[in-house]
Amino acid sequence: MDVTREVLDFLHREAALLDEGRYREWLSLLTEDVVYRVPVRLTRERPPQGGYGGVAEGMLHMDEDRASLEMRVARLETGFAWAEDPPSRLRHFVTNVRVGEPVRTDRGEEVEVRSYLLLFRSRWDKPDFTFLSAERQDLLRRENGGWKLARRLVILDHSTLPTHNLSFFL
Amino acid sequence: MAVKTPMLEELVKGVEEGLLPARIFNDPELFALEQEKIFGRSWVYLAHESEIPKPGDYVLRYVGNNPYIVVRGEDGEVRALLDMCRHRGMRVCRAEMGNASHFRCPFHGWTYRNDGALVGVPAEREAFGPSFNKAEWGLYPIPRLEVFDGMIFGNLDPQAPSLEEWLGDIRWYLELITKRSSAGLEVLGPPQRWVVNTDWKLALETFISDSYHTLMTHRSLIELGIAPRDAKYAMYGEQVHIPGKGHGSMVIGAPPGAKLPPFWGYPEEMLERAKASYPSREQFEVARETRILLITVFPNLSIHNPIRKPDHKYQGAVPMLTFRVWHPLGPGKIEIFSWALVEKDAPEWFKEKTRLSYLRFFGSSGTFEQDDTEIWSLVTQNAGSSQGRGLRLCYRMGMDLTPDPNWPGPGVAYGINFTDANLRNFYRRYVEMLLS
């Protein structure tokens, strides 16, 4: 199977696990040295070189490693994580996937992947919903034949977040 | 003098009885009154000086629905200028932060220096003639601006008392944080900003007096061993309020039997610095025994400084410090501005770890705070319901307590945190301002 097809399968499976609340299984898709970051985005003047402006260097919404992601998942399993119990209805729409050239590093075969994310969220019995929009800049690494997520940077298309918390993964 | 409507009558009576109608959290009439009577006349927190260290540095902040450019001029002075061109009212600055010597209005090109002076008007002579005087058309400065230990406050009321008078005795508690080191504090980047469908007072309640909720709201973290199982864990420590001012603080030590390091778990070298920099010996001794410190400055600034760690497996303590503004957007709707801060001269490893301690427990994704905002949102929905709005909520906890005579700090202190004393004091001041 070609790498692009493998990566698409990976991202779609990941989205399904996140939308179905199968967070333990989601953790198994992450490397031990995973870095997961969601920087604060600000309204700034247009950067002269183009690209995403206003990605804050100092402050993030999430800055996670394996231990802290495991903590967040273990929390959801306690039965007392009110922010997600009852759970939000989430749908991760993953599009515009761009797969880089796989490279050999001293950690193994790695590939950079960019995707667009539109995340739908509704809660309670209200008809209201929120959307979060972002680009995800991922690094996948092949481990034991399958791909795992080693790094994710989520570039939000929001300055002020339109939702009352980030109690889920992007 | 405001008209004493039946609603306000009910509030006045309710504060003394410890019974307040739920509608205070979601009511258009009260929101409008608050905007005028409270946010139009209070010292509102704008920014920390470390956000704008160099000449030209600016951040955009709000008092009520008024956008202010908080900017350090070329002369080093900090100012807050209404982000509204004097010609046709356009925003002259649309970025949230940056560095600029001038602000040029995109509508007709009027250009202001970063001290607010109007310095350029296209075709000035041809269009406006010789009688036009640019000096009369500078950006409108906030009526009052004062700084306390790096904390920049603004006030829309030119007649307001000084910031020093406004703060009063809460300064003693603020200094436990601002004077922990002579180097002062710095922000760890810009604030996280997010919107919650709740009321600013409900959010603030959690931080001014409510250690009682920890056991249930944050039960998930108790299950993970991050917060202790003892049902009375959050009961210990002093709850202090400043009469007449509305401010309140909770100064919480280690509960009996809990093995927690002194001085919030800050590194030893920071404790030594604090000993030298605290204004009084009493403050140092209180700080040494403190593990969790919360301070709310009336009306809508809360500070939280708890002992913590970056994750559930980390061995050791890494405290975090956050300032947050509960910015009212509408009835039952706020925007939270939440900053993480640290002492400028803290060791680099500690700065990194304290940032993580903050991110994983507080702020937009924090495992504590995400449950708070869930709960605040639903209280607010009920507070707007036709039956719920009239129901009176219970603010009667600790009404029979007597003050602690041995507390070394100023204000009225109780030796137990399971009390609504700080809230009754807050709402007394709140009602007083609504009525005056």
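**Figure 1. Aromatic pair of B:W264 and B:Y266.** Both B:W264 and B:Y266 are buried in this predicted model. Their rings form an edge-to-face aromatic pair, with 5.8 Å from centre to centre and 75 degrees between the planes. Over all chains, the structure holds 38 aromatic pairs.

**Figure 2. Aromatic pair of B:W110 and B:F132.** The rings of B:W110 and B:F132 also make an aromatic pair, which is edge-to-face. The centres are 5.8 Å apart and the planes meet at 65 degrees. This pair links distant parts of the chain, its two members being 22 residues apart. B:W110 belongs to the loop between strand 7 (102-104) and strand 8 (111-113) of chain B. B:F132 belongs to the loop between helix 3 (124-128) and strand 10 (144-148) of chain B. B:W110 has a relative accessibility of 3% and therefore counts as buried. B:F132 is buried too, because its relative accessible area of 14% falls under the 20% cut-off.

**Figure 3. Aromatic cluster in chain B, with an arginine over one of its rings.** One aromatic cluster is formed by B:F39, B:W166, B:W200, B:F298, B:Y395, B:F426, B:Y427 and B:Y430. The face of B:F298, one of the cluster members, has B:R429 lying over it, 5.8 Å from the ring centre.

**Figure 4. Helix 11 of chain B and the residue that follows.** Helix 11 of chain B covers residues 348-361, 14 residues in total. At 1.5 Å a residue it should span 20 Å, and its end C-alpha atoms are 21 Å apart, so the two values agree. Because 10 of the 14 residues are buried, the helix is largely enclosed by the rest of the structure. The buried residues include the charged side chains B:K351, B:R355 and B:R360. Among the other buried residues of the helix are B:F350, B:L356, B:Y358, B:L359 and B:F361. B:G363 follows helix 11 and has a positive phi, near 85 degrees.

**Figure 5. Arginine over the ring of B:F361.** B:F361 is one of the buried residues of helix 11 of chain B. The charged end of B:R308 sits over the ring of B:F361, at 5.5 Å from the ring centre.

**Figure 6. Span annotated as a Rieske domain in chain B.** An unreviewed UniProt entry places the feature "domain: Rieske" at residues 44-125 of chain B. In the model, this span is 44% strand and 2% helix. The C-alpha atoms at its two ends lie 40 Å apart.

Methods: Residues are numbered from 1 along each chain as its sequence is written. Chains are lettered from A and ligands numbered from 1 in the order in which they are written. This is a predicted model: local features need pLDDT of at least 70, side-chain atom pairs count only at pLDDT 80 or more; totals for chains, interfaces and linings use all residues. Side-chain values use heavy atoms; hydrogens and water are left out. Rings of Phe, Tyr and Trp (its six-membered ring) pair if their centres lie within 6.5 Å; planes under 30 degrees apart count as stacked, over 60 as edge-to-face and the rest as tilted. Helices (H or I, at least four residues) and strands (E, at least two) are DSSP runs, numbered from the N terminus. Buried means under 20% relative accessible area, exposed over 50%, partly exposed in between (1.4 Å probe, protein chains only). A charge sits over a ring if NZ of Lys or CZ of Arg is within 6 Å of the ring centre and within 35 degrees of the ring normal. The expected span of a helix is 1.5 Å times one less than its number of residues. UniProt positions are given in the numbering used here, feature names are shortened, and annotations may be inferred rather than shown by experiment.
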